[in-house]
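Student: I have a model open here and would like to go through it with you. Can we take it residue by residue and then look at the helices?

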Amino acid sequence: MSITRRDMLAGAAGAGLAGILGGAVLWGSGRGTGTAEMTIEDVLHDPDNPVLGNPKGALTIVEYFDYQCPYCKMGHAMLTRVVGDEGDIRLLMKDWPIFGAPSVLASQLVLGAASTGGYEQAHEALMATDAKLTEDQVRQVLGDGGIDTDAALAAYRAERGKWDGLLARNGRQAAELGLQGTPAFIIGERIYPGALDETRLRRAIAEARRAS
Amino acid sequence: MFAFLISALWLLAGFLTAAQAQPLQPEDAFALRVSEAEDGTLVLNWRIAEGYYLYRSSFAADAGGQSLPLSLPEGENHEDPYFGEGQIYRQDVTAKLAHAGQPVTLHWQGCQQDGICYAPQSVRLDGDGTVLADDAVASAPGWSPRATSSREAGAAAGTPSGLVLAQDQGLVQGLAARGGGVLVIAGFLGFGLLLAFTPCVFPMFPIVAGMLAGQGKTLTARRGLALTGAYVLAMAAAFGLLGIAAAWSGANLQMALQSPMAIGVIAVIFVALALSMFGFYELQMPLALQNRLGRVAGRRGSLGGAMLLGFTSALIVGPCVTAPLAGALLYIAQTGDVMLGAAALFALGLGQGLPLLAIGAFGPRILPRSGRWMEGAKRAFGVIFLGFAIWLAGRVLPGPVTLALWAALLVGTAVFLGALDRLEGDASRNRRFGAALGVLLLFAGLMQGLGAALGAQDLLRPLAPLAGRAAPLQTQAQFAEVTTREGLDQALASASGEPALLYLTADWCVTCRAIERGPLADPAVHAALADVAAIKLDVSTFNAEAQGLMQDLAAAGPPTMIFLDAARAEAQGSRLVGKMDSAALLASIGKIAR
């Protein structure tokens, strides 16, 4: 029997490759159910989350917020202005309703409004309020802001799987990131818990640009 | 080494978020103290940090799905329009709760002034007011996400098993890893250098030496370096591909690489290599191939040949080093970062190849000249390769069979060393040394053979079956074994009130065997586990159930140890993944023990 090194190497290579490919295919298919591994992509580019600012922007700012969270709303006008000034920022407002039923309803209605192109309008109307809200107040504010809340609710229900999935994902991400509450910002790849004033926000943006 | 990597990453993660003033942890911002009044009323006192406040309307208590009346003092009516019409408490608030006689869950929520509004907080109290989560709060300086999942939104931080996982895995680690990619890569380079001195990499030395020898007398140092460099780069590239596969396939690549099939193939390859070392046949690059490489494109052809050789060598070595690599692959799989995975394993391959570069640079000059000495060295390598093959096969073969194989190897080696030869009076000193060593090996081999016949499992205690049951059993921690989520729930339920250790393991998990023989057999660990419900989650059969279980636990694969306190919340920073020692295990147990 003559076994040459070539035979051995070829055999080993074949076996190794087959093992790797077979394993990858086998386990890869088992993975379809989605291991809960989260990547930064999942956080920065959730396809279901509406995007404000410049959707093609180079830098992404994520804010986990609640429609009843006072400091989220207090800083929102400034945040929007800075995002507009900078020009190339994608702003992802991630609904993380932590203040109970009115917050959940608010998120549902605003996301529902997204189906008819009214996301930004609805979002801004609620973010302009300054107090805690009741469910009736949520409807009232949205109605005053030109949103048909019945239609928005129907639209939300029609795509319930998508929106509930998004909300659940946001909550899970917040937990995985160790966020304690709202607001919490992710700018570039850094987490900033709590409200940011304009100075700190601009510094955070500058740092993110330096880092990238 | 790997532990160092992880801790370095953690330092980095800490830095990333600590670079600025942090809001307090919610349990520090709102510290709860519970006492019992004489009439059985529970007195609940929250000490509120300066600059923080609690919402009066957010306080609630419930038991068994029923909400309980909570008597609260009047709060501060705030002028600030942002707070709405509600009331808040600053500094301190005391609430009273009538004796419930059953476990009660308390809820509260508050904010840091001008900072952050916390997700709802909650805690479970025993019927007599003992805070069930106290352990967790005391032992976990980090935030326990117990309270995060806003029930309305259905955002599930808890798992279907009702467990609460510490959130110190996952994305933050990924972020840190990206920030600290250079560190990771440097670490893997060093790790590779260490691996270069394991038997896994030994087969490469004769391959490289053969490649250089094929160049004949024209070999210069530069040429040798170029050839070896090409070889090493190609090998590292193959490892890089392994890294990509690991990152891409999730945790499961190492499962494939450690399957009985893969282990069998590698063991056979090592036996073949060993036989060639013994001179049964010569492993040489076939002449035809050598000629073609030399003729077709001169130097460039040879470089290509070297690269081909390097790439294929990695395929031999790759699966061999996955045992020590299990932790690294798990880590890569967890980050899911393909670039990092590729770069890290490329660095690992490079590290393994560095010693080979020395051969290339100095040429065959530093290799021992052929002769008696070289023959001896080759035989020694052969024995090492055979031993390695048995060690590998031992992962999948029954204990007694492994012992029998060791017996055969030891006895065979002993005979070749001359243990059974008669020494003449004028025998040389070396010969006598060899014979003495041979006799020792012969004795060890006979012991192993005897052990095999007795059905012993442990190489180091072949006669354990004779010594009675007491010794080995005493030092083995007792685990309840489960394979399904229901099993886990039952096991946890039957140990309610006790902290629990979940140990994710599998038959094919090589590192797990090392853990079981090492830290888990340590009497100190055994003692520490006395008050802990130890549950073994066996995912040997990697079906949907096992995958679901792993997903629930956010575990990438075995070995993973998860430490739950009595309230079934994972202690912050306690999780152990991959290889571990007794100290790490004891530290983690300490985080959940009362």
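Tutor: Start with A:Asp130, which sits in the loop between helix 6 and helix 7 (135-144) of chain A. Keep in mind that this is a predicted model.

Student: Is A:Asp130 buried, exposed or partly exposed?

Tutor: A:Asp130 counts as partly exposed, because it has 14 C-beta neighbours inside 10 Å. The cut-offs are 20 or more for buried and 12 or fewer for exposed.

Student: How far is A:Asp130 from A:Tyr67, in sequence and in space?

Tutor: They are 63 residues apart in sequence, and their C-alpha atoms are 9.5 Å apart.

Student: Back to helix 6 for a moment. How do the axes of helix 5 and helix 6 of chain A cross?

Tutor: The axes of helix 5 (residues 101-114) and helix 6 (residues 119-127) of chain A cross at roughly 155 degrees and come within 7 Å. Angles over 145 degrees count as roughly antiparallel, and the two helices of chain A are therefore roughly antiparallel to each other.

Student: Which residues make that contact?

Tutor: Helix 5 of chain A contributes A:Ala106, A:Leu109, A:Val110, A:Ala113 and A:Ala114. From helix 6 of chain A come A:Tyr119, A:Ala122, A:His123 and A:Leu126.

Student: And by class, how many are nonpolar, polar and charged?

Tutor: The contact of helix 5 with helix 6 of chain A has eight nonpolar residues, one polar residue and no charged ones.

Student: The spacing of those numbers looks regular. What is the general rule for residues that point the same way in a helix?

Tutor: An α-helix has 3.6 residues a turn, so residues three or four places apart point the same way.

Student: OK, new topic. Which peptide bond in chain A is listed as cis?

Tutor: One that is cis is the bond from A:Thr182 to A:Pro183, with omega near -10 degrees. A:Pro183 is in the loop between strand 4 (181-182) and strand 5 (184-187) of chain A. As background, most peptide bonds are trans.

Student: What about odd phi values in chain B, say at B:Gln91?

Tutor: B:Gln91 has a positive phi of about 65 degrees, although it is not a glycine. Most residues other than glycine have a negative phi. B:Gln91 lies in the loop between strand 8 (87-90) and strand 9 (92-97) of chain B, and it counts as exposed because 12 other C-beta atoms lie within 10 Å.

Student: And what is phi at B:Asp114?

Tutor: B:Asp114 also has a positive phi, about 60 degrees, and is not a glycine. Its place is the loop between strand 11 (110-112) and strand 12 (117-118) of chain B. With 14 C-beta neighbours inside 10 Å, B:Asp114 counts as partly exposed.

Student: Moving to helix 10 of chain B. Where does B:Gly305 stand, buried or exposed?

Tutor: B:Gly305, in helix 10 (residues 287-335) of chain B, counts as buried because it has 23 C-beta neighbours inside 10 Å. Its C-alpha is 9.1 Å from that of B:Met211, and the two are 94 residues apart along the chain.

Student: B:Met307 is in that helix too. What does B:Met307 touch?

Tutor: Leaving out residues up to four places away in sequence, B:Met307 touches B:Ala230, B:Tyr231 and B:Ala234. B:Met307 is buried, with 20 other C-beta atoms within 10 Å. From B:Met307 to B:Val232 the C-alpha distance is 7.7 Å, at 75 residues apart in sequence.

Student: And B:Ala527, is that one buried or exposed?

Tutor: B:Ala527 is exposed, with 12 other C-beta atoms within 10 Å. B:Ala527 lies in helix 18 (residues 523-528) of chain B. B:Ala527 and B:Leu586 are 59 residues apart in sequence, with 10.0 Å between their C-alpha atoms.

Student: Where is the kink in helix 11 of chain B?

Tutor: The kink is at B:Leu354, about 40 degrees, shortly before the proline B:Pro355. Helix 11 (residues 338-362) of chain B has 25 residues and reaches 36 Å from first C-alpha to last, close to the 36 Å expected at 1.5 Å a residue.

Student: Last thing, the totals. How many helices and strands are in each chain?

Tutor: Chain A has ten helices and six strands, and chain B has 20 helices and 18 strands. In chain A, 49% of the 212 residues count as buried. In chain B, buried residues make up 45% of 594.

Technical notes. Residues are numbered from 1 along each chain as its sequence is written. Chains are lettered from A and ligands numbered from 1 in the order in which they are written. This is a predicted model: local features need pLDDT of at least 70, side-chain atom pairs count only at pLDDT 80 or more; totals for chains, interfaces and linings use all residues. Axes are lines fitted to C-alpha atoms, for helices over the stretch in contact, and angles run from 0 to 180 degrees between N-to-C directions. Helices (H or I, at least four residues) and strands (E, at least two) are DSSP runs, numbered from the N terminus. Angles under 35 degrees count as roughly parallel, over 145 as roughly antiparallel, 65 to 115 as roughly perpendicular and the rest as oblique. Two residues are in contact if their C-beta atoms, placed from the backbone, lie within 7 Å. Ala, Val, Leu, Ile, Met, Phe, Trp, Tyr, Cys and Pro count as nonpolar, Asp, Glu, Lys and Arg as charged, and the others, Gly among them, as polar. The expected span of a helix is 1.5 Å times one less than its number of residues. The bend at a residue is the angle between axes fitted to the seven residues ending there and the seven starting there.
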